[in-house]
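New to this one? Have a look at the sequence and the model first, then work through the notes below, which are sorted by topic.

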2 protein chains.
Amino acid sequence: MRPTVHDIAERAGVSLATVDRVLNDRPGVRGVTRAKVEAAIVDLGYVRDVAAANLAKSRVYPLVFILPEGDNPFMRGLEDEVRRAGAHSLVERTQLSVVTVPAFDGSALAREIDSAIERAVAGIAAVAVDAPEVLAAIGRAREAGIPFVTLVSDLANSGRDHFIGVDNIAAGRTAGSLMGRFLGQRPGPVAVLAGSMRVRDHGERLEGFLAAMSAMPVSRAILPVLEGQDDPELSFRLIAECLAEVRDLAGIYSLGAGNRGLVRALAAGTGRNLCVIAHEVTDETRAALEGGLVDAVLNQDAGHEVRSAIRVLRAKADGLPVIAAQERIRLEIFIKDNLPSEPGMDDTPGSAGN
Amino acid sequence: MRPTVHDIAERAGVSLATVDRVLNDRPGVRGVTRAKVEAAIVDLGYVRDVAAANLAKSRVYPLVFILPEGDNPFMRGLEDEVRRAGAHSLVERTQLSVVTVPAFDGSALAREIDSAIERAVAGIAAVAVDAPEVLAAIGRAREAGIPFVTLVSDLANSGRDHFIGVDNIAAGRTAGSLMGRFLGQRPGPVAVLAGSMRVRDHGERLEGFLAAMSAMPVSRAILPVLEGQDDPELSFRLIAECLAEVRDLAGIYSLGAGNRGLVRALAAGTGRNLCVIAHEVTDETRAALEGGLVDAVLNQDAGHEVRSAIRVLRAKADGLPVIAAQERIRLEIFIKDNLPSEPGMDDTPGSAGN
DNA sequence: CATTTTTTGATTTACGTACATCAAAAACTC
DNA sequence: GAGTTTTTGATGTACGTAAATCAAAAAATG
């Protein structure tokens, strides 16, 4: 059975009050007494019952998610997942709130981080922006003892507790390998649709893609990057023009969030049998995958990321260990055949029970 | 703030003791009083604080995992995951135990299920076997109010609470689609290595595979199934013979657990540039994927499955809802480029923090 | 209406921990 | 050794729920 504070008191030959003072770093304990108590804690392998402590303290963990604004379907999906998780989070003593900031706006993000620090939240999860003011704000959060998790987009040397997202270089490389394998001996160049090359994630995906394509047996031209700013209209136009101008185009890699425009252009470009690889399962890419317009979608699971962020922030707030294997976000490859059924359909494969 | 039993008592105009009787279905409450209390519960949106209740009851959830014996690497990995989860499960008031039975032995499995029922465990997770005595044992568990989860291999019409695993027909279809795409125009037949066609899962994977291959533009012969009984030596022999006899072999689909023998035969068959698709990431398939002997591995995450089983059984025991999206096990496609790093290496991609 | 039975309420104890209070004991200082 | 300060212990209350006990109240019965 699990040791309790009573066992520590007995083992160390002190009172409950002294045990409490040691466990909770309260003043008024001599060093020699403290040592006795700490030895007893180790001997007994005592682990605090966090649920009991939370009950005693009526504790609630306010967590804030800071996400970019805009109509990026992946980010909107991420927001939906946070809101969905927040709907019944009080049962788990967690209070989720979502704050949005203009996409790529480092100073707005830094301001929201400071605002969250001011409110003394239990943890912060944010989609990072590569800016010095964000770096400094993360530092301040950590100094205030607030756990910080970067989500989807990391920030190196920021002191954040954990990054929850995929390795973008590996993502690009995976796209390149698949593209090469799917195209096989078929000749023709490949186009790349990005949001903006100023975004580090997009740069990394391109880097990985180029590396993998260049390792393929068949040498193949990669056209200059089309920067669609993740805007559906602009992306549509760029791809439509590319389809019109490049008669022997073999494939398209969409590494950003301009997929709505891409899918529209593909649907309009009748009879072009291209190999298309995109990122993130959204309504558009799901339909395109099922309809055969897109060959593979590389995905990171927004639901898993949100749950992971909550778990990590909770664990850090409680001073508990994080299960690394559970919190590692995998880069998923979906083709038509292994695409999970639509969210909202609750049937388990082979479902025959309650 | 969350309503408590005190709020219910006040709202219904009764005492705490009466609220307790209604909440816990204890005798001694008139129908009219019960209705008042139940109305108050609904009005207030009261949800039991399970952590507080567990503390009051000193509750521990004993859960049992019944797994097949043998040197099937996936099943041994599954067992490792259960044992790893069990190492610190008492903190979460869960007590995991593992019981192994001879593989495919329905009566041994039924006996262990009944033994677990006898011990009044809080939940049972088992790799199912298609046998009437197993079906009956699951029924008995459910009648005893013990939640039951089938793991990896389902059993239709068994009344189990949940299946945790992948859709094997979709798995086979995925393998077929990938094989077809990777082979492209390249001519030559494809071999299939199975454990035993008596196993329903293996039959389903083959079914899916054949369906996908027949939908490919290039018509291709599928050789008669090689049944290696998931035995490394037999599998090695069958594949080695196949390599020797079929000079124009284009690909191999390994749908069972004979991958150790397969990889050995591939490594010995120098210069054969085959497209190979296997199931489950194990030490052998990981090395083969990284070394280029295998082109893709279709995987189900054992760690996720174990955590999911625990969560589902806990939720069922508490009468709480299961988050369908979290508990859906995805069929993962791994190529060399998106293979997660080795377990035991705890680094997060882009890791720059604590 | 009297008697019996059932229901209800008040209360206590328990779980493990947090936190506060104050008197008594121990340690420290001169 | 006396006076002061610090440490320690005993105790109580709190969190939300479970569960038991028994007297009082309400309901049912004849």
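Before we get to the DNA, one term: a polar contact here is a pair of N or O atoms within 3.5 Å. With that in hand, take B:Ala52, where a polar backbone atom sits 3.2 Å from a base nitrogen of DNA strand D. Keep in mind that this is a predicted model. What follows covers the two DNA strands, the place where chain B meets chain A, and two single residues.

**Around DNA strand D**

- The protein puts 27 residues around DNA strand D, and those that come nearest are A:Ser15, A:Thr18, A:Arg21, A:Thr33 and B:Arg48.
- If you look at the atoms of DNA strand D that come within 4 Å of the protein, sugar and phosphate make up 77% of them.
- Two contacts to phosphate are good places to zoom in: the side chain of B:Tyr46 has an N or O atom 2.9 Å from a phosphate oxygen of DNA strand D, while A:Gly28 uses a backbone N or O atom at 3.4 Å from a phosphate oxygen of that strand.
- Both chains give helices to this surface: α2 (16–23) and α4 (50–57) of chain A, plus α1 (5–12) and α4 (50–57) of chain B, each give two or more residues.
- Which element gives the largest share of the surface near DNA strand D? That would be α4(B), with four residues.
- Sorted by class, this surface has 10 nonpolar, nine polar and eight charged residues.

**Around DNA strand C**

- Here 28 residues surround the strand, with A:Tyr46, A:Arg48, B:Ser15, B:Thr18 and B:Thr33 the closest.
- Sugar or phosphate accounts for 75% of the DNA strand C atoms within 4 Å of the protein, and bases make up the rest.
- Backbone atoms from both chains reach phosphate oxygens of DNA strand C: a polar backbone atom of B:Ser15 is 2.7 Å from one, a backbone N or O atom of A:Val5 is 2.9 Å from one, and a polar backbone atom of A:Asp49 is 3.4 Å from one.
- On chain A, α1 (5–12), α2 and α4 each supply at least two residues of the surface near DNA strand C, and on chain B, α2 (16–23) and α4 do so too.
- The element that gives the most to this surface is α4(A), with four residues.
- By class, you'll find 10 nonpolar, nine polar and nine charged residues near DNA strand C.

**Where chain B meets chain A**

- In this interface, 57 residues of chain B are in contact with 58 residues of chain A.
- The two chains bury about 4,900 Å² between them, and 51% of that is on carbon and sulfur atoms.
- Three residues stand out on the chain B side: B:Arg181, B:Arg330 and B:Asp337 supply 14% of the area that chain B buries against chain A, more than any other three residues.
- How many salt bridges are there between chain B and chain A? The count is 10.
- One salt bridge to look up joins the side chains of A:Arg173 and B:Asp337, at 3.2 Å from N to O.
- There are also 18 residue pairs in polar contact across the interface, counting pairs with both residues at pLDDT 80 or more.
- The elements of chain B that give two or more residues to its side of the interface are α4, β5 (162–164), α8 (168–183), α13 (302–318), α14 (324–327) and β11 (332–334).
- Of these, α8(B) gives the largest share, seven residues.
- The chain B side divides into 23 nonpolar, 15 polar and 19 charged residues.

**Two residues to look at**

- B:Arg93 lies in the loop between α5 (73–87) and β2 (94–101) of chain B.
- Is B:Arg93 buried or exposed? Its relative accessibility is 14%, so it counts as buried, the cut-off being under 20%.
- The side chain of B:Arg93 makes a polar contact of 3.4 Å with the side chain of A:Asp49.
- Leaving out residues up to four places away in sequence, B:Arg93 also touches others in chain B, including B:Asn54, B:Leu55, B:Tyr61 and B:Arg314.
- A:Ser196 is in the loop between β6 (190–194) and α9 (200–214) of chain A.
- With a relative accessible area of 7%, A:Ser196 is buried.
- Apart from neighbours within four places in sequence, A:Ser196 is in contact with A:His202, A:Glu227 and A:Gln229.

Note on methods
Residues numbered from 1 in each chain as written. Chains lettered and ligands numbered in written order. Predicted model: local features only at pLDDT ≥ 70, side-chain atom pairs only at ≥ 80, totals over all residues. Heavy atoms only, no water. Near = heavy atom within 4 Å. Polar contact = N/O pair within 3.5 Å; in protein donor to acceptor, adjacent residues only side chain to side chain. Nonpolar A, V, L, I, M, F, W, Y, C, P; charged D, E, K, R; others polar. Buried < 20%, exposed > 50% of the residue type's maximum accessible area, 1.4 Å probe, protein only. Contact = heavy atoms within 4.5 Å. Buried area = accessible area lost by both parts, 1.4 Å probe. Salt bridge = Lys/Arg side-chain N within 4 Å of Asp/Glu carboxyl O.
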